Amino acid sequence: MNLNATLFIQTIVFLILGWVTMKFIWPPLIAAIEERQRKIAEGLASAEKGEKSLAEAHAAANEIVKEARVQATKIIDQANRRSNEIVEEARGAALAEGQRLISEAREEVALETSRARQQLSKEVAALAVAGASRLLGREIDAKAHADILEQLAAEIERG
Amino acid sequence: MRLGLMASESGGEHGFSEYIAHHLQHLASKKQTALFDASIYHWDTLFFALLCAALALLFLRKAAKRATSGVPGKFQCAVEMLVEMVNEQARAMVHGKLTYIAPLALTVFVWVAFMNAIDLLPVDWLPSIAAAADIHYLRPLPTADLNTTFGLALGVLLLSFYYSIKIKGLGGFLHEFTCAPFGMVKISLNPLTWIGAILLGIANVGMNIVEYGGRTFSHGMRLFGNMYAGELIFFLIAGLGGSLTVFGIAMHLVTGTAWAIFHILIVLLQAFIFMMLTLAYLGQAHAHH
């Protein structure tokens with residue numbers, strides 16, 4: 001138990017150590033710690049913000065997809081309706097065209113028939129005159145018997 | 001060249017107590033007879049205390065220099081945990097500016113822990129090395145020297161006066177010194193109140209002296225007692241090994257290991273307690289009564 005001058009030196013050393021620590025050690029360490037705490041807080045905040053905006057983006061994307069789906073259904077409906085219309089139109093046009101062709105053909109046939117009849121009647125008249133003249137052995141005056149021939153021709157035409 | 005006294009050199013009872021007495025001798029500038037002598041220095045205490053102070057500052061400075069706010073290394077992490085622990089305790093116990101107090105608490109914790117840790121070195125190593133250099137008395141454990149622990153406690157006492165006066169003003173400090181803890185009578189024309197005031201003042205001053213004195217004494221004594229006792233037990237354990245019997249060496253190994261492991265706790269715990277008391281006393285200086 002010897003107390004001596006060592007005691008005062010230790011007191012001074014103690015106070016100086018505190019001062020040195022205050023000047024050179026404490027500030028950089030505490031600054032680093034506080035800076036890191038700030039960074040972590042910021043990081044957490046921005047992570048939260050990012051999460052929130054991600055959720056928002058998700059919601060927006062869902063909205064857009066839903067809208068697109070609705071529109072797509074509408075477009076498909078429209079397209080279906082339009083294609084049905086086109087098919088109907090085409091069918092109508094084809095039918096009309098067919099009818100037209102058929103009636104044209106019928107008219108043609110009728111025309112052709114009547115023309116053939118006329119031709120035939122003329123030729124029959126000529127044949128009849130030629131045959132008769134040969135039977136009688138003399139020339140028949142076609143003009144004299146025109147009424148008979150015409151009657152014949154009419155009979156043939158009637159058919 | 002004469003080697004230091006080793007535990008194994010001791011012949012019998014007398015030799016062993018001589019061994020212990022030898023190990024309890026400081027390397028003093030001259031032989032001390034009085035309890036207090038301001039002309040004497042303990043060179044061993046000063047040397048190892050300053051060495052530990054330098055190591056503590058180096059240790060902390062290294063961390064402070066490399067401190068980044070980015071991802072910290074393991075070393076920086078450890079020091080930062082320490083700093084944060086001290087900062088938190090300081091904040092909880094001292095309600096005022098911490099610019100000096102918190103660093104002081106950190107440095108006192110690290111310094112005292114380093115000084116205490118010298119106790120974990122085998123008791124004969126440093127004295128033997130010193131003896132080889134012709135130094136025959138050496139107590140390497142600075143905290144087992146009352147000069148160190150009372151020196152630190154005195155520093156805390158001075159600081160608590162300083163902060164008390166700084167926070168409350170000299171008048172406030174003196175008022176507290178004379179009027180707390182018992183209060184003061186209202187002085188009127190009645191001479192009885194004058195006598196009452198004087199008596200209460202004496203009682204208050206007496207209580208304050210006891211409080212400050214006891215606080216400082218126990219602050220220094222607590223650390224000293226723990227480290228001194230720990231050191232002494234290491235001497236006794238060394239004596240077991242020094243008996244050079246199979247039983248003695250076996251017991252030396254077992255008890256030495258156990259005590260050293262337990263002492264790791266004491267080294268850090270006492271440093272922590274010393275720091276906490278420092279903060280508590282400085283915190284009281286900041287409080288108004």
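Here is a chat about a predicted two-chain model, chain A with chain B.

Colleague: Before we start, which ground rules apply to numbering and confidence?
Modeller: Residues are numbered from 1 along each chain as its sequence is written, chains are lettered from A and ligands numbered from 1 in the order in which they are written, and side-chain values use heavy atoms, leaving out hydrogens and water. As this is a predicted model, local features need pLDDT of at least 70, totals for chains, interfaces and linings use all residues, and side-chain atom pairs count only at pLDDT 80 or more.

Colleague: OK, chain A first: what pattern does it follow along the sequence?
Modeller: Chain A has two helices and one strand. Those are DSSP runs numbered from the N terminus, with helices being H or I of at least four residues and strands E of at least two. Read in order, the pattern is β-α-α.

Colleague: And what is the radius of gyration of chain A?
Modeller: Along the principal axes, the C-alpha atoms fill a box of roughly 190 × 25 × 25 Å. The globule rule (2.2 Å times the number of residues to the power 0.38, with the radius taken over C-alpha atoms) gives 15 Å for the 159 residues of chain A. Chain A is well over that, so it is more spread out than a compact globule, with a radius of gyration of 60 Å.

Colleague: How about chain B, what is its radius of gyration?
Modeller: Chain B has eight helices and one strand, running α-β-α-α-α-α-α-α-α from the N terminus. The rule gives 19 Å for 289 residues, and chain B is well over it, so this chain too is more spread out than a compact globule, at 24 Å.

Colleague: How many residues of chain B are in contact with chain A?
Modeller: Contact here means heavy atoms within 4.5 Å. Chain A brings 32 residues to the meeting, and on the chain B side the number is 53.

Colleague: What area is buried between the two chains?
Modeller: Buried area is the accessible area (1.4 Å probe) that two parts lose on being put together, summed over both. Carbon and sulfur atoms give 74% of it. In chain A, Leu3(A), Phe14(A) and Trp26(A) lose the most, together 19% of what that side buries. The total between chain A and chain B is about 3900 Å².

Colleague: Which residues form the salt bridge between the chains?
Modeller: A salt bridge is a side-chain nitrogen of Lys or Arg within 4 Å of a carboxyl oxygen of Asp or Glu. By this rule there are 11 over all chains, but the count between chain A and chain B is one. At 2.7 Å, N to O, its partners are Arg36(A) and Glu80(B).

Colleague: Which element supplies the largest share of chain A's side of the interface?
Modeller: Both β1 (3–4) and α1 (6–136) of chain A supply at least two residues each. With 27 residues, the largest share comes from α1(A).

Colleague: Which residue of chain B stands opposite Asn4(A)?
Modeller: Two bridges join β1(A) to strand β1 (residues 36–37) of chain B, and the strands run parallel. DSSP must find at least two bridges for strands to pair. Within β1(B), the residue opposite Asn4(A) is Asp37(B).

Colleague: Last one: which residue in the loop between α5 (125–132) and α6 (146–179) of chain B has a positive phi?
Modeller: Most residues other than glycine have a negative phi. Here the value is near 65° in a residue other than glycine, and the one sitting in that loop is Asp134(B).
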